[in-house]
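Colleague: I would like a close look at a single helix. Please take me through one slowly.

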Amino acid sequence: MKQALEQIKLTAADALHKCGELKELDALRVKFLGKKGELTSILKQMGKLSAEERPVIGQLANKIREDIEGAISERMKEIKAEQLEKQLQAEKIDVTLPGAKFHLGKKHPLTAVLDEVKEIFLGMGFSVAEGPEVETDYYNFEALNLPKDHPARDTQDTFYINENILLRTQTSPVQIRVMEQQKPPIRVISPGRVYRADAVDATHSPLFHQIEGLVVDKNVTMADLKGTLEIFVKKLYGEDSVVRFRPHHFPFTEPSAELDVQCFACHGEGCRLCKGEGWIEILGCGMVHPKVLQNCGIDPEEYSGFAFGMGLERIVMRRYGIDDLRLFYENDMRFLNQF
Ligand code: DAH
């Protein structure tokens with residue numbers, strides 16, 4: 001029996017040595033020490049032993065049980081350590097490797113300049129108003145003093161959805177919407193998309209952007225218009241910019257003017273950029289027509305105002321010397337990356 005016990009100890013030690021996994025280890029524990037295990041089955045035969053032998057074998061059996069238990073927990077520690085080491089190796093991160101490059105997007109030149117324009121006007125106490133791109137004939141034309149048969153309608157080739165609904169051809173209808181909702185003092189700009197049935201070429205697109213401006217208050221004069229727009233141009237194009245106001249006609253303003261900036265390239269001499277003019281037109285403006293104020297329920301005897309409207313694409317083209325409008329919409333990275 002003693003021999004059998006020693007034999008168990010040896011096979012157990014050998015099996016433990018070969019064992020490499022925790023599950024296997026558990027199976028070995030059951031095999032050697034469990035209720036139906038090898039050690040127990042030997043101890044069950046203790047009854048056959050003599051009274052002198054029994055304590056000796058009993059002691060030996062306990063000793064062997066303890067040894068095997070000790071060896072199992074020892075092996076368990078080793079296996080856990082091995083597994084941890086393996087995992088650490090597998091999950092090792094080389095912190096010195098260069099990171100994956102993250103490409104940060106950039107603002108589209110139209111957005112970048114629009115943000116600048118907004119910033120300039122916000123600084124002068126304006127806020128930003130919005131209006132719908134699908135408009136009614138009333139807001140886009142009628143309320144702006146352009147009745148149905150007015151010849152100026154022909155200059156804005158309109159996308160009509162039906163007789164009364166259209167895609168706005170200008171941001172000016174937002175003036176009407178603002179004045180209907182808000183009583184003076186009013187100081188707003190309104191940037192947005194506008195649509196005209198034009199064929200695409202270097203200077204035309206059926207979709208482009210305008211920025212509208214409107215100021216209404218008591219005692220607003222042409223001097224306020226000139227001062228405000230001159231400051232705007234100097235902030236946008238530089239303090240040394242030279243501007244001039246040239247008489248013009250718009251149905252919704254009286255008097256009306258166009259604002260020209262002296263050509264930056266030739267300083268008024270005339271060159272290719274300004275087509276020999278020396279000046280570049282950048283916006284239309286004027287004193288809000290009394291009829292337009294009236295249409296919005298504002299008394300033209302009490303209040304006056306000025307308005308202006310400019311094409312965003314044009315301003316950006318002048319700003320960066322871009323000669324083809326189509327570049328803005330083609331999403332060519334070689335173009336966009338330059339800004
Ligand atoms: N709406 C005009 C256009 O599209 C631009 C314009 C001119 C707007 C004069 C104005 C203005 O507010 O006062 O051509």
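Modeller: What follows is a walk along one helix and its surroundings. Keep in mind that this is a predicted model. The part to find is helix H5, residues 109–123. H5 has 15 residues. From its first C-alpha to its last, H5 reaches 21 Å, close to the 21 Å expected at 1.5 Å a residue.

Now look at which residues are hidden. Pro109, Leu110, Val113, Leu114, Val117, Ile120 and Phe121 of H5 are buried. Look down the axis of H5: these buried residues fall within an arc of 125 degrees, so they line one face of the helix. The general rule helps here. An α-helix has 3.6 residues a turn, so residues three or four places apart point the same way.

What covers that buried face? Strands E4 (186–195), E5 (207–217) and E9 (304–311) are among the elements that cover the buried residues of H5. Helices H8 (222–237), H10 (312–320) and H11 (333–336) also take part. Then turn to the face pointing away from the buried side. Glu119 and Gly123 are exposed there.

Next, the two ends. Pro109 helps to line the second largest pocket, and its other lining residues include His103, Lys106, His108, Met333 and Asn337. This pocket has a volume of about 160 Å³. Its lining divides into 4 nonpolar, 4 polar and 2 charged residues. At the other end, Gly125 comes just after H5. Gly125 has a positive phi of about 90 degrees.

Notes:
Residues numbered from 1 in each chain as written. Predicted model: local features only at pLDDT ≥ 70, side-chain atom pairs only at ≥ 80, totals over all residues. Heavy atoms only, no water. 1 Å grid on protein atoms, 1.4 Å probe; cavity = no way out; pocket = protein on both sides within 12 Å on 5 of 7 lines; lining within 4 Å. Points joined across faces, edges and corners; volume = space filled by probe spheres on them. Nonpolar A, V, L, I, M, F, W, Y, C, P; charged D, E, K, R; others polar. Helix = DSSP H or I, 4+ residues; strand = E, 2+ residues; numbered from the N terminus. Expected span 1.5 Å × (residues − 1). Buried < 20%, exposed > 50% of the residue type's maximum accessible area, 1.4 Å probe, protein only. Arc of directions from axis to C-beta. Contact = heavy atoms within 4.5 Å.
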